[in-house]
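Visitor: I am new to this structure. Please take me through one part closely, beginning with a loop and then moving inward.

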Amino acid sequence: MRSPAAFRPPLRRRFGPWLWTTVTWVVTAVFFFPVLWMALTAFKTEADAYTTSPTVVFSPTLEQFRAVFAEGVGPYLGNSALAAGASTAVVLLLATPAAYALSIRPVRRWRDVLFFFLSTKMLPVVAAIIPVYLAARGLGALDSIGTLIVLYTAMNLPVAVWMLRSFFLEIPREVLEAARVDGATTRQEVMWVLLPMVAPGLAATALICVIFSWNEFFLALNLTSVRSATMPVFLVGFITSEGLYWARLAAAATLACLPVLLMGWLAQRQLARGLSMGAVK
Amino acid sequence: MAVGALPPAGPTATAGPLPARRPPRRAGWRRRWPLAPALLWLVVLTQLPFVFTVLFSFQSRNLLRPGAERWVGLANYANVFTDTVFRAALLTEIELTVLAVAIAMALGTALALLLDRRFPGRGVARTLLISPFLVMPAVAGLLWKTAMFDPVFGLVNVAASWAGVQGTDFTSRFPVASVVTVLVWQWTPFMMLIVLAGLRSQPADTLEAARVDGAGPWATFRWITLPYLRRYIELGVLLGVIHLVNTFDVIYMMTQGGPGTRTTNLPYYIYQRAFLGFDVGQSSALGVVTVAGTLVAAALALRLLFTAFTGVRAGDR
């Protein structure tokens, strides 16, 4: 494959890769910058944050985080964690058998059922919010974490079913057949063969569900008020501050984003799959 | 449906359902019961409320006047279609969704191509790039409104002042562009991930064959990669549309639908009518119209893309 001695790649070939790498890094910096700036500002004093020439060098302080906790952000974070965690647990409990019945031992019209799940995601939440609100009011379930858990479960269930099904389909058929030949009952097959094999899939699905419910705002805004308001509702108080509390806002926003950022970074290999309901890997 | 059409999710994937020997009736039920709880949960919490929304949409019903409900036939719908704010909200809805999805997809595809090369720190770049999508949408709205677009100390204004432009109040002077910027910032990483997954799954031998046949990078992209990516792009657009027609958080945090009603989209308008105006009948009719619109939009998005891509294919021959 050796070219004549005088062969040298054209300039474009040699510098092209470096050019594109530079472009990539510049774009990456632009996209990431707002997140970075938010995190930096959280460690500033209001005086450092509210300046017309951005302060890059400053002595970091935890003052803002202390202030946010003094304002009572704790219960909001707790409510968010409870709503996200509990709804995800219920989702997995409901979605795993459903995904099983749509993949390993499929029901007769599994295709229709699968598309029913998908179609509920196409229903805008505004189309259901009024009856849901009235029902919650009638049952005395306004401003209750339980209501959010029930609704977040419904919100994430279709995603989880589709995603888990795609993991179930990856289990080689031979493994299941071997288990059956060895005389495993359905229960044994599920407990000792299937569940261990989809464990990474269950974890990835759980992360996606936690991310979506942690970030949910519309239902939390309309169905909670004082006792069970979640983190995004806490941030509503900053809308009209006109920058007066920018550093404090940055601290609260950083607290609100940090858990999901960490989980998303950890789960990034599975992120595309989760976001596409298992359609791409 | 695009989602079902992708190979990994389709019925032909690795394991596939076990051969469907027609099960006897009892075995049929044994197969069905694992589905029951999930289906019941969804029917009760999504379909049932929607049925009530449809019922309410034929009623005059206001939370401030309990006990005064009465059936009014199509009056709420008549009001919807003569309501100028609704028409404006519908246009805003289309404007926001189309702009955000189109720009995010174009940028996302470009970024995916950039990330599909080997270069130092690729993993780090990818991690940083997905971050905007993970930021809580409510935070994204506040963050851009405060840190980026603030007329006094917003960083976009700082950058603009280097160019000699001072103190622009972006969110009130360019409200739609401001909201679209935030949506694009959040959704570009999503599109990037979907397209990147497509690029990764591209068979290497096809690309190799194209190279051997003397195709340059551009020709390879235009005639091999892009057609291959088609269904990934379709999937990204479809999922983007489904999510972005529900845009609420960013608008609520950033512009509150204003100035005036300039950035009021359908979800925000329904929210206002229902939870600030307490007009259940009217907002239910709006909700029903929105659902119909969403279904049409999702179908249309698919159809348009399909035509666009078949156009490309026709030029090929």
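Guide: Begin with B:Pro259. This residue sits in a loop of chain B, after helix H13 (249-254) and before helix H14 (266-276). The model is a predicted one. In it, the peptide bond between B:Gly258 and B:Pro259 is cis. Its omega is about -5°.

Move on along chain B to B:Phe278. This residue belongs to the loop that links H14 to helix H15 (280-316). Its phi is positive, about 60°, yet B:Phe278 is not a glycine. Is B:Phe278 buried, exposed or partly exposed? It is partly exposed, because 14 other C-beta atoms lie within 10 Å; a buried residue would need 20 or more.

Chain A has a loop residue to set beside it. A:Asp143 lies in the loop between helix H6 (129-138) and helix H7 (145-168) of chain A. Its phi is near 55°, again positive in a residue other than glycine. A:Asp143 has 15 C-beta neighbours inside 10 Å, so it counts as partly exposed.

Now go inward. The largest nonpolar core holds 171 residues. A:Val161, A:Ala253 and B:Val139 have the most contacts inside it. Helix H7 of chain A gives the most to this core, with 17 residues. Where does the core lie in relation to the domains of chain A? Domain 1 (11-63) and domain 2 (72-275) both give residues to it, so the core lies between them. In general, nonpolar side chains tend to be buried together in soluble globular proteins.

Take A:Val161 from that core. Leaving out residues up to four places away in sequence, A:Val161 touches A:Ala95, A:Ala98, A:Ala99, A:Leu102 and A:Phe117. It also touches B:Ala38, from chain B.

End with helix H13 of chain A, residues 268-275. Six of its eight residues are buried, so the helix is largely enclosed by the rest of the structure. Which residues are the buried ones? They are A:Gln270, A:Leu271, A:Ala272, A:Arg273, A:Gly274 and A:Leu275. Both chains help to cover them. From chain A, the cover includes H7, helix H9 (186-215) and helix H12 (246-266). From chain B, it includes helix H6 (122-134) and helix H10 (175-200). After H13 of chain A comes A:Met277. Its phi is positive too, near 55°.

Methods. Residues numbered from 1 in each chain as written. Chains lettered and ligands numbered in written order. Predicted model: local features only at pLDDT ≥ 70, side-chain atom pairs only at ≥ 80, totals over all residues. Helix = DSSP H or I, 4+ residues; strand = E, 2+ residues; numbered from the N terminus. Buried ≥ 20, exposed ≤ 12 C-beta atoms within 10 Å, placed from the backbone. Core = buried A, V, L, I, M, F, W, Y, C linked by C-beta atoms within 7 Å. Domains from an automatic or database assignment. Contact = placed C-beta atoms within 7 Å.
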